[in-house]
Amino acid sequence: MITLKDIQKAYRIHDIETVALDSLDLTVNQGDFVSIMGPSGCGKSTLLSIIGMLDSCDSGSYRFLDLNIEAYSENQLAKLRSRNLGYIFQSFNLVDDLTVAENIELPLLYNKVGKKQRRARVQAIMERLSITHRANHLPQHLSGGQQQRVAIARALVIEPKLILADEPTGNLDSENGTEVMRLLTELNQQGTTIVMVTHSETDAQFGNRIVHLLDGKMISRQPKVVLSEVQYA
Ligand code: ADP
Ligand code: MG
C-alpha cells in the first residue's frame with residue numbers, strides 16, 4: 001500500500017538545517033497495523049506527515065496505492081487524501097464552533113457527498129462509536145476521551161483505506177487510552193490499515209509491527225509480541 005525509499009527530509013530555518021528523516025525506507029502492506037516509536041524529535045511526526053501527503057520530502061520516492069504521487073498537483077493530492085486517509089491527532093483537532101455531528105460531517109462535505117447520504121453516514125458512525133447522544137454538543141463540552149471518539153468518527157466516516165494516528169492516546173488517561181487502542185484494533189481487524197506513532201510501549205504492542213526511529217533513521221524492526229490478556233484488560 002505504501003512504499004517509502006531513501007526518504008530525506010530537512011527543515012531549514014535561518015540557515016540552520018535540521019535533518020528530520022535520513023535515508024528512511026518503509027513498506028506498509030494492506031491490513032498492517034504499524035507502530036512507530038522513538039524519542040521526541042526523532043522524526044515520527046514528519047514521517048507521518050509525509051505518508052499522509054501533508055508534507056513532501058526533499059528526495060527519495062514515495063508510492064501510495066502504487067500511484068506515482070510525485071507527479072500530482074496540490075489539487076489531485078487533496079482529492080487523494082480526502083478519499084483515502086483518516087487522520088487522528090494527539091490534540092484531537094476538532095473545529096471548536098462546530099457540533100459533534102458537524103465535525104464528523106466535514107470530510108463528507110469535502111468529498112461532495114449529498115446531504116441525505118451525509119446524514120445517514122454521520123448517524124451510523126456516531127452510533128458505532130456510541131456518541132449519538134452528543135451529536136449537538138460542541139467539542140469543548142466533551143471529555144478528552146469523548147473528543148477523541150469524535151475525531152476517530154471523523155476519520156472513519158469516509159471509510160479510509162489508511163488511518164494515520166499521531167500519539168492518539170497522548171492526551172488521554174489510561175482508561176480512555178485503552179478504549180482508543182481497542183477501537184483501532186477493531187478497525188484493523190475489519191481491514192483498515194493503520195500507521196500509528198506512539199511513545200507508549202503498551203500501545204505499540206497493539207500493532208503487528210513496531211518500527212523504531214532514532215535521529216530520522218530506522219533502527220530496527222521486531223516481530224509482533226503476543227499480547228497477554230492483562231494488557232488487553
Ligand atoms: P517527533 O514527532 O519524533 O517528535 P518531528 O518529526 O516533529 O519529531 O521532528 C523531527 C525534527 O525536525 C526535530 O528536530 C524538530 O525540531 C524538527 N522539525 C519538525 N518540524 C519542523 C518545522 N516545521 N520546522 C523546523 N523544524 C522542524
Ligand atoms: Mg511528534
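This short presentation describes the fold, the helix H3 and a few individual residues of one protein chain.

Good morning. The model under discussion is a predicted one. I begin with the chain as a whole. It contains eight helices and nine strands. Along the principal axes, the C-alpha atoms occupy a box of roughly 50 × 45 × 35 Å. For 233 residues, a compact globule would be expected to have a radius of gyration near 17 Å, and the value for this chain, 18 Å, agrees with that. Of the 233 residues, 48% count as buried. The accessible surface amounts to about 11,800 Å², and carbon and sulfur atoms contribute 49% of it.

Two further figures concern contacts and charges. If we take contacts between residues at least 6 apart in sequence, 70% of them join residues at least 24 apart. The chain carries 24 positive and 27 negative charges, and the mean positions of the two sets are 9 Å apart.

I turn now to helix H3, residues 100-110. How many of its 11 residues are buried? Eight of them are, so the helix is largely enclosed by the rest of the structure. The buried residues are Val 100, Ala 101, Asn 103, Ile 104, Glu 105, Leu 106, Pro 107 and Leu 108. Their cover includes helix H4, residues 115-128, and helix H5, residues 144-156. After H3 comes Lys 112, with a positive phi near 55°.

Two loop residues also make contact with this helix. Val 157 lies in the loop between H5 and strand S6, residues 162-166. Its relative accessible area is 3%, so it falls under the 20% limit for a buried residue. Beyond its neighbours within four places in sequence, Val 157 touches Ile 104, Pro 107 and Leu 108, and also Arg 121, Val 122 and Ile 125. The C-alpha atoms of Val 157 and Leu 106 are separated by 9.4 Å, although the two residues are 51 apart along the chain.

The second is Pro 139, in the loop between H4 and H5. Pro 139 is buried, at 2% relative accessible area. Which residues does Pro 139 contact, leaving aside its neighbours within four places in sequence? They are Leu 94, Val 95, Asp 96, Leu 98, Asn 103 and Gln 147. With Leu 94, the separation is 45 residues in sequence and 6.9 Å in space, C-alpha to C-alpha.

Next, the aromatic rings. The count comes to one aromatic pair. It is formed by Tyr 87 and Phe 89, whose ring centres are 6.2 Å apart and whose planes meet at 5°, so the pair is stacked. Tyr 87 is buried, with 18% relative accessible area, whereas Phe 89, at 27%, counts as partly exposed.

Finally, some backbone angles. Most residues other than glycine have a negative phi. Asp 6, which is not a glycine, has a positive phi of about 50°. This residue belongs to strand S1, residues 2-13, and is partly exposed, with a relative accessible area of 45%. Glu 159 likewise has a positive phi, near 50°. Is Glu 159, in the loop between H5 and S6, buried or exposed? At 64% relative accessibility, Glu 159 counts as exposed. Val 157, in that loop as well, is buried.

Thank you for your attention.

Notes
Residues numbered from 1 in each chain as written. Chains lettered and ligands numbered in written order. Predicted model: local features only at pLDDT ≥ 70, side-chain atom pairs only at ≥ 80, totals over all residues. Heavy atoms only, no water. Helix = DSSP H or I, 4+ residues; strand = E, 2+ residues; numbered from the N terminus. Rg over C-alpha atoms; globule rule 2.2 N^0.38 Å. Buried < 20%, exposed > 50% of the residue type's maximum accessible area, 1.4 Å probe, protein only. Contact = heavy atoms within 4.5 Å. Areas by Shrake-Rupley, 256 points an atom, 1.4 Å probe, with all protein chains shown as cover. Lys, Arg positive; Asp, Glu negative; His and termini not counted. Charge placed at Lys NZ, Arg CZ, Asp CG, Glu CD. Phe/Tyr/Trp six-rings, centres within 6.5 Å; stacked < 30°, edge-to-face > 60°.
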